[in-house]
Amino acid sequence: MAFAYRNGTLCAEQVPLEDIARRFGTPCYVYSRAAIEGAYGEFAQALHGRDAMLCYSVKANSNLAVLALLARLGAGFDIVSGGELARVLAAGGDPRKILFSGVGKTKDEIRLALEKNIYCINLESAAELERVAAVARELGRRAPVAFRVNPDVDARTHPYISTGLRENKFGVAHRDAERLYAKAAAMPALEVIGIGCHIGSQLVDPAPLAAAVERLAALAGRIEAAGIRLRHLDLGGGIGIRYRDETPRPVREFVAGALAALGDRRGSVIFDPGRSMVGNAGVLLTRVEYVKPGEPRNFLVVDAAMNDLVRPALYDAWHEVRTVREPESGAPGTVYDIVGPICETGDFLAKDRALTAREGDLLAVMSSGAYAMSMASNYNSRPRAAEVMVQGRAAELVRARESAEQLFALERIPG
Ligand code: LLP
């Protein structure tokens, strides 16, 4: 267990979170290196013996230390912007293992991707096909491409993170795919190398993924029958984690289900998981500023806020909150809403939690390794929190807390 009580206090691996708060201040994200290694290892193990590429989805947590760790473990990367490309390269990621997804790639981003020789650009529209070909021609190169196909399956997850339905903006329509492949294959500036899908995030059941893969494999078969060779099938990410009482099937079952749905199809497969690599490898450590009892609600006002973790406000997501001091067994606690200092009613981290906490106490908001810091903002001119990586008994700052001056360093008052 990456985060567990030892001698009455919550620790990240062997390091008490109290020590981290003392050294680096709060709020602060704390990541366990062993947990990331473990999650990567589980996935890699599930793919053992298969021609496969594991492309970590950078949007989940893009800290350079996280990227460098995964690069050293052998991961490739799924990126969605020029910014993420720059991060991966700065962290020592191999461009030959980078997939570039996203519906809105600019010409500059496409140019940069081609100049850096990334593995594949995932096309998400007919217009993008033309644009990538034009940029490749300008550069005198061939662009390696795949289409992200929208398989039109219901991932049965939160509507905001479901991406594989016909009504979603992602990918090209299943019924248009063969026509687009024929078109792409006829363009000398493009090298068609694969096909992909991604149906949504926080999946707990492998069945929708397997259904999508089955549809994708059938489509790939038809495209190949038309004489277009596909080197890889990209099956996306989306494997869920436990936040509360969800019981996502183990990664190996998702992988096994997807591979079984491929039937006897050989060739390379790609997965691009984000959350399942890092989600439960991190916590957001925060301090209680005020205890504010009231009718009908009691509040704990803490020093972290929706700008540090927007998931509760945005998706009504549930994150476990633990007191860093181990609760006495059987102590009933008081029911609190845990809220930040931001001037929004939506600024809450958790609601209706029974806790025993006093002013100055530390709380850990669990499962904050994914889509926490990477979605953080500076709303209310709040400097973004520090990030710390723990390995065994050692804790190291991997991103300094922002200063107030940094928040407006790029601004100018006109003369
Ligand atoms: N591949 C593609 C093409 C994606 O769009 C995504 C996520 C992933 C992979 C990684 O999915 P994962 O394995 O992390 O589920 N902010 C939301 C999640 C948005 C996911 C967007 N796309 C949240 O906090 O729940």
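Guide: Let us begin at the ligand: a polar side-chain atom of Y371 lies 2.6 Å from one of the ligand's oxygen atoms. Please keep in mind that this is a predicted model.

Visitor: How much of the ligand's area does the protein bury?

Guide: Taken alone, the ligand exposes 590 Å², and the protein buries 91% of that.

Visitor: Which residues come nearest to the ligand?

Guide: There are 18 residues around the ligand, and those that come nearest are S201, D272, R311, Y315 and Y371. For D272, an N or O atom of the side chain is 2.7 Å from a nitrogen atom of the ligand. A backbone atom can also take part: in G274, a backbone N or O atom lies 2.8 Å from an oxygen atom of the ligand.

Visitor: How should one describe the shell around the ligand by class?

Guide: One sorts the residues by class, which here gives 5 nonpolar, 7 polar and 6 charged residues.

Visitor: Which domains does the shell draw on?

Guide: At least three residues come from domain 1 (3–31 + 279–407), and at least three from domain 2 (62–273).

Visitor: Let us turn to single residues. Is R148 buried or exposed?

Guide: A residue counts as buried when its relative accessible area is under 20%. R148 has 10% relative accessibility, and therefore it counts as buried. R148 is placed in strand β9, which covers residues 143–150.

Visitor: What does the side chain of R148 contact?

Guide: The side chain of R148 makes a polar contact with the side chain of E124, at 3.4 Å. In addition, a polar atom of the R148 side chain lies 3.3 Å from the backbone oxygen of H198.

Visitor: Is A217 buried or exposed?

Guide: The same reasoning applies: A217 has a relative accessible area of 14%, so it is buried. A217 belongs to helix α8, residues 206–225.

Visitor: How far apart are A217 and E124?

Guide: One may give two answers, along the chain and in space. A217 and E124 are 93 residues apart along the chain, and their C-alpha atoms are separated by 18 Å.

Visitor: Finally, how does one read a sheet? In what order do the strands of the open sheet stand?

Guide: One follows the pairing from strand to strand. Here 3 strands stand in the order β1-β2-β3, with antiparallel pairing. The edge strands, β1 (3–6) and β3 (15–16), each pair on one side only.

Visitor: How many bridges join β2 to β3?

Guide: Strand β2 (residues 9–12) is joined to β3 by 2 bridges, and the two run antiparallel. A12 stands opposite V15 in β3.

Conventions
Residues numbered from 1 in each chain as written. Predicted model: local features only at pLDDT ≥ 70, side-chain atom pairs only at ≥ 80, totals over all residues. Heavy atoms only, no water. Helix = DSSP H or I, 4+ residues; strand = E, 2+ residues; numbered from the N terminus. Buried < 20%, exposed > 50% of the residue type's maximum accessible area, 1.4 Å probe, protein only. Polar contact = N/O pair within 3.5 Å; in protein donor to acceptor, adjacent residues only side chain to side chain. Pairing = 2+ DSSP bridges. Near = heavy atom within 4 Å. Areas by Shrake-Rupley, 256 points an atom, 1.4 Å probe, with all protein chains shown as cover. Nonpolar A, V, L, I, M, F, W, Y, C, P; charged D, E, K, R; others polar. Domains from an automatic or database assignment.
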